[in-house]
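Open the model in your viewer and keep the selection panel at hand. Each stop below gives you something to select and tells you what is there.

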Amino acid sequence: MQNNIILIGFMGSGKSSIGVRLARRLKRTFVDTDREIEKVTGMTVAELFRRHGEVRFRSEEKLMLHKLKNRENLVIAAGGSLTPEAGGREIFGENSIIICLKAPPEEIFARVNRKKGSRPLLKKASTLEDVVKLMERHKDYEAMADFTIDTGGKPQEQIVDEIVGRLRMS
Ligand code: S3P
């Protein structure tokens, strides 16, 4: 039986920072698919995109998700490939909980602008409008999730409290 908690959501929605704290709180192991891919390939995500392109990155991401589904008791910060079309729910099964994190575009824009170099898909997204356009895929994440948490303008520990509260209810 797998009982993983998977965080999905747009870049900058807080998957990694909240994931670390949530795992600590729930005494689970935290795994970030980007960091795992970097370990396996020996390249940063930015390097992987630059040298081999997005298609290769997506296939590494998918492989990683299939590897992680065989482990238990994880909190996973999932990459952008975990979509309904890619069979996201089927990969992790009904015993896992998928949580979508969301934040207003203005806040996402501000957050990703601080670490722009590490996010190849946002390199050219120099305006808020670019981010809004890219965020169209957010509705797919939300549709796949068991529940959604708004991370906008909230301290991280409060977000973790909210998630833990929702988990207790489910
Ligand atoms: C991506 C998200 C990024 C990284 C890659 C592609 C995506 O991770 O995997 O740049 O398609 O949503 P973060 O969400 O942690 O920025």
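Helices (H or I, at least four residues) and strands (E, at least two) are DSSP runs, numbered from the N terminus. This is a predicted model: local features need pLDDT of at least 70, side-chain atom pairs count only at pLDDT 80 or more, and totals for chains, interfaces and linings use all residues. Residues are numbered from 1 along each chain as its sequence is written, and side-chain values use heavy atoms, with hydrogens and water left out.

**Stop one: arginine 89.** Select this residue in helix 4. Is arginine 89 buried or exposed? Its relative accessibility is 15%, so arginine 89 counts as buried (buried means under 20% relative accessible area, exposed over 50%, partly exposed in between, with a 1.4 Å probe and protein chains only). Now show serine 96. Its backbone oxygen lies 3.3 Å from a polar side-chain atom of arginine 89.

**Stop two: the largest nonpolar core.** Such a core is a set of buried Ala, Val, Leu, Ile, Met, Phe, Trp, Tyr and Cys residues joined through side-chain atoms within 4.5 Å. This one has 23 residues; Ile6, Ile8, Leu82 and Phe92 touch the most other members. Strand 1 (5-8) and helix 7 (138-144) are among the elements that each supply at least two residues. Helix 3 gives the most, with 7 residues.

**Stop three: the second core.** Select Ile5, Ile18, Ala23 and Val164. They belong to a separate core of 15 residues.

**Stop four: leucine 82.** Which residues does leucine 82 contact, leaving aside neighbours within four places in sequence? Among them are Ile6, Leu65, Phe92 and Tyr141 (contact means heavy atoms within 4.5 Å).

Technical notes:
Polar contact = N/O pair within 3.5 Å; in protein donor to acceptor, adjacent residues only side chain to side chain.
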